[in-house]
Every structure is written in structure tokens, then in C-alpha cells.
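Dear colleague,

I am passing on the structure we spoke of, and it is placed directly below so that you can keep it open while you read. My notes on what was found in it follow after that.

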Amino acid sequence: MKLTSLAAALSLAITASISPAAPGLLPVTTDTAALKAANELDSIADDYVKLTLALGEKESGYVDAYYGPPQWVEAAKSDPRDMRELGNAIVDLMLRLDALPKSDDPLAAQRKRYLSAQLEAAHTRHAMMQGETFSFAKEAEGLFGVTPELKPLAEYDPVLAEIENIVPGEGPLSERVAGFEKGYIIPKDKLQTVFDTAIAECKARTEKYFDLPQGENFTLEFVTGKSWSGYNHYQGNYQSLIQVNTDLPIFISRAVDLGCHEGYPGHHVYNMLLEKNLTRGRGWQEFSVYPLYSPQSLIAEGSANYGIELAFGGEERLEYERDVLYPLAGLDPDTAAAYWALQIAKQALSGARMTIAQQYLDGEITRDEAIALNQKYQLVSAERAAQMTDFNEQYRSYVINYGLGMEMVRDWIEAMGDAPVWRWKAMEALLSDPILPEDLIGELVSD
Ligand SMILES: [Zn+2]
């Protein structure tokens, strides 16, 4: 990314996050045309929320979060629109956005671009709901606004060779790794304590840099029968329900992973900052709804994953897990470094998950082959490899948001400087403003 556009993006983002308008007030202007355009943008935003809720009636899980007027969701249920009406409504909103006059206000221009990108995604998902199929790459581009660069699996073979040295022995490497990791499972009766402690630490590290809204809170639940390992259901009013799936054994590293990813500074904080700064602060109603299949998810998953290393940089994570979580879980702290080294080495395999998903979803390999490849290139148990394949069947190209999203967020934030204070500042801006995936790669364009 060019430094100028990077600085422009950050300055736009920071300006927006530190100078919220009074809730519900329009900018003071004597220009009737500008006032009319501002009203029209608010009206498009309201209609976009209603449209998203109506699409949510067609596909369970499409609406990830909603905390706007309850009568809008009631109307979506009591007066459902058919697929043709919904398709027309998406195009109509796109045309209304295009018809808006150019704005001198960079925030209004950014708001318009954001809505436009979210509508493009709704257009793609609407087509998929009607049975249209796309290649993995086209689907990812249509839903999340980025085209993933996929590496052939053979490029990950040198990583596997390195891990051979960490876990030497006979038989398939994935089985050796799975056998080794069995020693790092959190016993079921210790899950609550270990997770409560880890999430509290993620929160404390986030609070050093962010002013979290008064009264914010979350509920933690352990659930079963899901294809994901954790989920944040944002409820509005600065409250979240965080669910952790216990279908499979939970390893000690997952407490910090999920505490940061689902909680602080991940999904819970992202949703809260959008509510505080945009929905309440600026009266931008479109942020009261979160359609899962949209560019917003790349920012959400990328920032949630990057948030783990932001909160626990370098060896801080090893030290914290070894000194605090291992004893709580009844695990031997002297073995923490060996497990940690393996987890670090495995991170270099994360891109393989996307390649395997692409091959499977594009029909190049069977489900059994996808499971076998996940086992080999993600170094997980057969059960976990099957769960990952279930996830790909359910969420399809959504998987790009984790690995690719994290790389994009990391590159953008770390270009701001080495000092933690700058990185947290950039993270806060990313979580507080209508920033799109394309803004992270330097294609900042004006209206
Ligand atoms: Zn997530």
C-alpha cells in the first residue's frame, strides 16, 4: 500500500472515530441539495436494513446480528417478499445510490461506497439463494470483495518437512501431531475456569488501549452440534453471546484464541465500536444489521484473528499460557514451550485451508479427499478434518475471511509502525469506521 493512501485511510478513520456527530442529527447545512442527498442516503440505509432482514427470512444465518427497530424485523416476518421482489429491491437501492450527487464530505462518500459494496454482496447471495453457482474465486469476490490468491498444496510441503523435525517418528505426520496434542486438551470440568480467565485477560489487554462502552458485557456458553469452534452472537446494547463448541476436545491454545477472536479485541469489540460510533454516534442505521455474507465479514474475521497476536505479541502468549492457564487446566507448564513451537510452525499452513476448500467446492475432489487433505495439510485429527469440511459445506468461500482477512489486516495495521500504541490506534480505527477490504490494499478511491 502506498503511504499516502494509507495515511489518508487512517486519518479518515481516526477523524471519524474521534468526532462523532450527535445521535440522529444531520450535518448543519444551508445547501438544500446537500440536505436532500443526506436525507436520501439515510432513507437508502433504512431500506437496506429492511432488505437485509427480508433476505434473512429466506436463509437462516444470513443475518448475523440485528439490534435496530424491532418493528422492522417483525415486518420482515409478517409481510415476506418473494425472491423476485427482493432482487428488484437490491437493484433499486443500487440505482438510488448511484443517482446521489457527488459529495464533498469524505464520510458521506465512504458511507455510500460501503453501502454499495454491501449491496453487491447481497446481489451475489440473492443469486446463490436461487441456485446460481459460481467458482470459488468468483463467489469470494462477489460476497467478500476480494479474490483470494491460492497456492498449490505442494508449496506447503516444506512446512510439513519442518514439522517432521518437531514431532519425529513413524506413521503419518498428522497422526503423530494429533497424538502429541492429546496431552494439551483442557479437561471438561476446567473449561469454564480456563475460558473465564483467558477472556478476562484478553479484555484487560484491550482495555489498556480502548475505552470500552459502559455496561458492556458478554455471556459465555458451551454448545454442541456445530460446524464451527466458536461464535459471537452480538445482541446490541453492547452485549454478546459467545458460544464455544465442545463437540471435539478443546486444546489449551483455544482459550486465548477464542477469548480474543470472539471477545476482546475481536467480534464483541468490533460490533460494540460500530454500534457506539456509527449506529448511535452518527445515526447510520445500516450498521444495526450485519449480513454474514458481505465484505464486513472479511474485516470482522481478519481483525478478530489479528487481535490475538496484537493482544499477545511475541512470547507473551507462551508466558501467559504457561504461567496462568496450564496450572488452571491441570497441564504441565514445563511442556508449554514444545506445544507453542508446534502451533507457531502450523501457522504457516493456514493458506492450505483455502486451497482445499476451493478444490472441494469447485468439485475437483470428493468429500473424503477433502477430509484427507485437511488432515494432511492442517495437521488435525480425522474428526477435526471432517468438521472443517462440514464448515466448508455450510459456509463455502467464507473460509477466506480468516487467513486472507488476517494477512490483509496485519499488513495494514503493521504499516502504521512498530509501537503497540500505534497498532492499537489503527485497530480501533479499523473497528470503528466503514472500512472495506479494498481500503486495506490501498485502493482508496473517492466518490
Ligand atoms: Zn469469527
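I begin with helix 11 (residues 267-280), which lies across strand 2, strand 3 and strand 4 and runs at about 20° to strand 3. Please bear in mind throughout that this is a predicted model.

The three strands beneath that description form an open sheet in the order 2-4-3, with mixed pairing. Strand 2 (217-223) and strand 3 (230-236) stand at the edges and have a single partner strand each, so that one side of each is left without a neighbour in the sheet. Direction ignored, neighbouring strands of this sheet are turned by 20° against each other on average. Strand 3 and strand 4 (residues 239-245) run antiparallel and are joined by six bridges; as a point of reference for the register, G230 has V244 in strand 4 as its bridge partner.

Strand 3 and strand 4 also form a hairpin with two residues between them. N237, which is found in the loop between these strands, has a positive phi of about 55° although it is not a glycine, and you may wish to look at this residue when you inspect the turn.

A second backbone feature belongs to the loop between helix 10 (253-263) and helix 11, where P265 is found. The peptide bond that joins Y264 and P265 is cis, with omega at about 0°.

Turning to the chain as a whole, there are 20 helices and five strands in the protein chain. The radius of gyration is 22 Å, close to the 22 Å that the globule rule gives for 447 residues, so the chain is as compact as a globular protein of that length. Taken along the principal axes, the box filled by the C-alpha atoms is roughly 75 × 45 × 45 Å.

Three helix pairs deserve a description of their own. Two packed helices are described by the angle between their axes and the distance between the axes, and I give both values in each case.

For helix 2 (residues 32-56) and helix 3 (residues 70-78), the packing angle is about 45° and the axes are 9 Å apart, which makes helix 2 oblique to helix 3. The crossing of these two helices is right-handed. On the side of helix 2 the contact is made by V49, K50, L53, A54 and G56, and on the side of helix 3 by W72, V73 and A76. Divided by class, the residues of this contact are six nonpolar, one polar and one charged.

Helix 16 (residues 367-378) and helix 17 (residues 382-395) pack at an angle of about 120°, and their axes lie 8 Å apart, which makes helix 16 oblique to helix 17. Here, too, there is a right-handed crossing as helix 16 passes helix 17. In helix 16, the residues R367, A370, I371, N374, Q375 and Q378 meet A382, A385, A386, M388 and T389 in helix 17, and by class this contact has six nonpolar, four polar and one charged residues.

How are helix 12 (residues 295-311) and helix 18 (residues 400-414) arranged, and at what angle do they pack? The angle is about 75°, with the axes 7 Å apart, and that makes helix 12 roughly perpendicular to helix 18. From helix 12 the contact draws on S297, L298, E301, G302, S303, N305 and Y306, while helix 18 contributes N401, Y402, G405, M406, M408, V409, R410 and I413. Seven nonpolar, six polar and two charged residues make up the contact of helix 12 with helix 18.

With kind regards

Note on methods:
Residues are numbered from 1 along each chain as its sequence is written. This is a predicted model: local features need pLDDT of at least 70, side-chain atom pairs count only at pLDDT 80 or more; totals for chains, interfaces and linings use all residues. Axes are lines fitted to C-alpha atoms, for helices over the stretch in contact, and angles run from 0 to 180 degrees between N-to-C directions. Helices (H or I, at least four residues) and strands (E, at least two) are DSSP runs, numbered from the N terminus. Angles under 35 degrees count as roughly parallel, over 145 as roughly antiparallel, 65 to 115 as roughly perpendicular and the rest as oblique. A crossing is left-handed if the near helix is turned anticlockwise from the far one by less than a right angle, and right-handed if clockwise. Two residues are in contact if their C-beta atoms, placed from the backbone, lie within 7 Å. Ala, Val, Leu, Ile, Met, Phe, Trp, Tyr, Cys and Pro count as nonpolar, Asp, Glu, Lys and Arg as charged, and the others, Gly among them, as polar. Two strands pair if DSSP finds at least two bridges between them. The radius of gyration is taken over C-alpha atoms; the globule rule is 2.2 Å times the number of residues to the power 0.38.
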